[in-house]
Each structure stands twice: as C-alpha cells, then as structure tokens.
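Please have the sequence and the 3D view side by side. The walk-through below goes from one residue out to the whole chain.

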Amino acid sequence: MYLLTATADYLATATDYLAQGTVPDPPAKPLPGKLGSRMEDVIGWFKTICFGLAMIGVLSVASMMFVGLRGRSDTAKNALGHLPLVILGTILTGGAAGLIEAFQ
C-alpha cells in the first residue's frame with residue numbers, strides 16, 4: 001500500500017513540476033550553405049512526383065471502374081479493392097507535404 005501512495009505522490013509532484021515550467025520548442029534550423037537549397041530542390045521534386053502519382057492512381061482506379069462496369073467483369077470490383085490503398089497513399093503524401101512545409 002505504501003508503494004502505491006508513494007508512486008501517486010511522485011506522479012503528482014512530477015505533474016506539478018511540468019505544469020509550472022515551459023516545454024522548450026526550438027524552431028527548425030536551416031541547413032548550411034548549398035545543402036539547404038539542394039535539399040529544398042529535392043524535396044520539391046519528390047513532392048511534385050508524389051502528387052502526380054496520386055493523381056494518376058485516382059484516375060486509373062476511376063478508369064478501371066468504368067471499363068469494368070461496361071464489360072461486366074471483375075475489373076470494377078478489383079478497382080474498388082485498390083481504391084483504399086490509393087486514397088491512403090494520397091493522404092500520406094498530403095500529410096508529408098504539410099509536415100515539410102511546416103518545418104521550412
């Protein structure tokens with residue numbers, strides 16, 4: 001029983017200590033020299049390529065659904081199976097782009 005009350009006291013003390021102080025949040029530092037501009041170029045190229053691939057993925061799923069509906073085959077069902085993966089990839093790409101822009 002003593003161990004439980006001692007742990008609760010330590011947690012309360014730690015919580016009070018953390019609530020009084022400020023948590024450091026330093027800003028991102030730019031990369032030195034030419035490395036910073038080259039890194040921004042590389043990130044920009046990857047971002048452009050990822051957004052292009054996301055657009056191609058969504059359009060290919062839509063075209064597979066259209067072809068599958070017209071031909072009465074399993075192509076539309078397979079396209080719907082791939083749609084969540086395409087949407088997940090698009091969300092991850094957009095989230096990564098948002099994180100990159102936040103830290104620039």
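**A walk through the helices**

Lys77 lies in helix H3. Helices here are DSSP runs of H or I with at least four residues, strands are runs of E with at least two, and both are numbered from the N terminus. Lys77 is exposed, because its relative accessible area is 55%. The classes are these: buried is under 20% relative accessible area, exposed is over 50%, and partly exposed is in between, with a 1.4 Å probe and protein chains only. The C-alpha atoms of Lys77 and Met65 are 7.5 Å apart, with their positions 12 residues apart along the chain.

A word on the basis of all this. The model is predicted: local features need pLDDT of at least 70, side-chain atom pairs count only at pLDDT 80 or more, and totals for chains, interfaces and linings use all residues. Residues are numbered from 1 along each chain as its sequence is written, and side-chain values use heavy atoms, leaving out hydrogens and water.

Now step back to the whole chain. The protein chain has three helices and zero strands. Read from the N terminus, the order is α-α-α. The chain holds 104 residues, and 11% of them count as buried. About 8,900 Å² of the protein chain is exposed, and carbon and sulfur atoms supply 71% of that area. Accessible areas come from the Shrake-Rupley method with a 1.4 Å probe; for residues, only the protein chains shown count as cover.

Return to H3. Helix H3 covers residues 75-102, which is 28 residues. From first C-alpha to last, H3 reaches 40 Å, close to the 40 Å expected at 1.5 Å a residue. The expected span is 1.5 Å times one less than the number of residues. Where does H3 kink? The kink lies at His82, shortly before the proline Pro84, and is about 30 degrees. This bend is the angle between axes fitted to the seven residues ending there and the seven starting there.

Leu83 is also found in H3. Leu83 counts as partly exposed because its relative accessibility is 26%. Its C-alpha is 7.6 Å from that of Val58, though the two are 25 residues apart in sequence.

Which residues of H3 are buried? They are Ala76, Ala79, Val86, Thr93 and Ala97. Take Thr93. Its relative accessible area is 17%, so Thr93 is buried. Beyond its neighbours within four places in sequence, Thr93 is in contact with Cys50 and Phe51. Contact means heavy atoms within 4.5 Å.

Follow that contact to Phe51, which sits in helix H2. Phe51 is partly exposed, because its relative accessibility is 40%. Neighbours within four places aside, Phe51 is in contact with Thr93, Gly94 and Ala97. The C-alpha atoms of Phe51 and Thr90 are separated by 7.5 Å, across 39 residues along the chain.

Stay with H2, residues 33-71, where Met55 lies. Met55 is exposed, because its relative accessibility is 51%. Met55 joins Trp45, Ile49, Leu53, Ile56 and Leu59 in a nonpolar surface patch of about 700 Å². Patch residues have over 30% relative accessible area and no salt bridge; like charges are joined within 9 Å, and nonpolar side chains (Val, Leu, Ile, Met, Phe, Trp, Tyr) within 5 Å. A salt bridge is a side-chain nitrogen of Lys or Arg within 4 Å of a carboxyl oxygen of Asp or Glu.
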